[in-house]
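Hi everyone, thanks for coming along. Please have the sequence and the 3D view open while I talk, and stop me whenever something is unclear.

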Amino acid sequence: MKHALRGIVRRTGEPVWSRLWPRVEAVAERHAAGAARELRGEIAELRAEIRGDLAGLHEAVDRLAGLFGRMDWTEGETRRIGPHVAALDQRVAGLERQQLDRQPTGLTTDDEQQREARSLVSEIRTEHSRVRARLSVVAAYEHRITQLERAVEADWP
């Protein structure tokens, strides 16, 4: 009985269905075409946005590469200048010793302890000047590193 009813429905509905089916397909095609156009537009917008973001990333990487190059240069210069600063420090210390030796002390040769004390004070002053020179080089280097770190943080989102 089921099969008979299905057969009747098919035969009676076939003329109606054959006329409606092309209309349904046309409506579906129009909606599909509109949805496809919208999707293409959104995809094009997303591609443009991604390309812009990618270009920004390329620029940031290039800036970072430049900063790293400058950091390498600064480090190399600091390593190169260090021995020169130490040599200058020694020369200045030698000149200070010569200056102290030339000053009249007003001491007799019997005052050997006072002479040694003055010599120790001179060496201490010399070492203090060396330490100050080294600390100033380190402070300048740390200041430069801080500037580079800030520049990297400013460029990196």
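Let me begin with a question: where is the place of Arg130? Arg130 sits in helix H2, which runs over residues 112-155. Keep that residue in mind, as we will come back to it. One thing to say early is that this is a predicted model.

Let's step back to the whole chain. It has 2 helices and 0 strands. Its radius of gyration is 44 Å, well over the 15 Å that the globule rule gives for 157 residues, so the chain is more spread out than a compact globule. You can see that in the dimensions too: along its principal axes, the C-alpha trace spans about 140 × 35 × 20 Å. As for burial, 8% of the 157 residues count as buried.

Now for the other helix. H1 covers residues 2-102. If a helix of 101 residues were straight, at 1.5 Å a residue, it would span 150 Å, but H1 spans only 130 Å between its end C-alpha atoms. Please look at Glu14, where H1 bends by about 50 degrees. A proline, Pro15, follows within four residues of that bend.

To get a feeling for distances along H1, try two residues. Ala55 is in this helix, and its C-alpha atom is 64 Å from that of Thr12, with their positions 43 residues apart along the chain. Ala48 is in H1 as well. From Ala48 to Glu75, 27 residues apart along the chain, the C-alpha atoms are separated by 40 Å. Both alanines are partly exposed: Ala55 has 36% relative accessibility, and Ala48 has 48%.

Which residues of H1 are buried? They are Gly34, Ala60, Leu64, Leu67, Thr74, Asp89 and Ala93. What do these buried residues pack against? The answer is H2. There is a chain-wide number that you can put beside this: among contacts between residues at least 6 apart in sequence, 81% join residues at least 24 apart.

Let's zoom in on one name from that list, Thr74. Is Thr74 buried or exposed? Its relative accessible area is 12%, and buried means under 20%, so Thr74 counts as buried. Which residues does Thr74 touch, leaving aside its neighbours within four places in sequence? They are Tyr141 and Arg144. Thr74 also has a partner within its own helix: a polar atom of its side chain lies 2.8 Å from the backbone oxygen of Arg70.

As promised, back to Arg130 on H2. Its relative accessibility is 16%, so with the cut-off of 20% for buried, Arg130 counts as buried. Not counting residues up to four places away in sequence, Arg130 touches Asp89, Gln90, Ala93 and Arg97. Two of those names, Asp89 and Ala93, you have already heard among the buried residues of H1.

Arg130 also takes us to the last topic, salt bridges. How many salt bridges does the count come to? The count comes to 3. One of them joins Arg130 to Glu127, with the closest N and O atoms 3.3 Å apart. These two residues both lie in H2, 3 residues apart, about one turn of the helix. Glu127 is partly exposed, with a relative accessible area of 35%.

Another salt bridge is formed by Arg79 and Glu75, whose closest N and O atoms are 3.0 Å apart. Both are in H1, 4 residues apart, again about one turn of the helix. Arg79 is exposed, at 57% relative accessible area, while Glu75 counts as partly exposed at 33%.

Then there is Glu77 with Arg80, where the closest N and O atoms are 2.7 Å apart. This pair lies in H1 too, 3 residues apart. Arg80 is partly exposed, with a relative accessible area of 45%.

Why do spacings like these come up? An α-helix has 3.6 residues a turn, so residues three or four places apart point the same way.

To wrap up, let me leave you with two things to find on your screens. Start at the bend at Glu14 in H1, then look for the place where the buried residues of H1 pack against H2. Thanks for listening, and I'm happy to take questions.

Definitions and conventions: Residues are numbered from 1 along each chain as its sequence is written. This is a predicted model: local features need pLDDT of at least 70, side-chain atom pairs count only at pLDDT 80 or more; totals for chains, interfaces and linings use all residues. Side-chain values use heavy atoms; hydrogens and water are left out. Buried means under 20% relative accessible area, exposed over 50%, partly exposed in between (1.4 Å probe, protein chains only). A polar contact is a pair of N or O atoms within 3.5 Å; within protein, one must be able to donate a hydrogen and the other to accept it, and residues adjacent in sequence count only if both atoms are side-chain atoms. Contact means heavy atoms within 4.5 Å. The expected span of a helix is 1.5 Å times one less than its number of residues. The bend at a residue is the angle between axes fitted to the seven residues ending there and the seven starting there. A salt bridge is a side-chain nitrogen of Lys or Arg within 4 Å of a carboxyl oxygen of Asp or Glu. The radius of gyration is taken over C-alpha atoms; the globule rule is 2.2 Å times the number of residues to the power 0.38.
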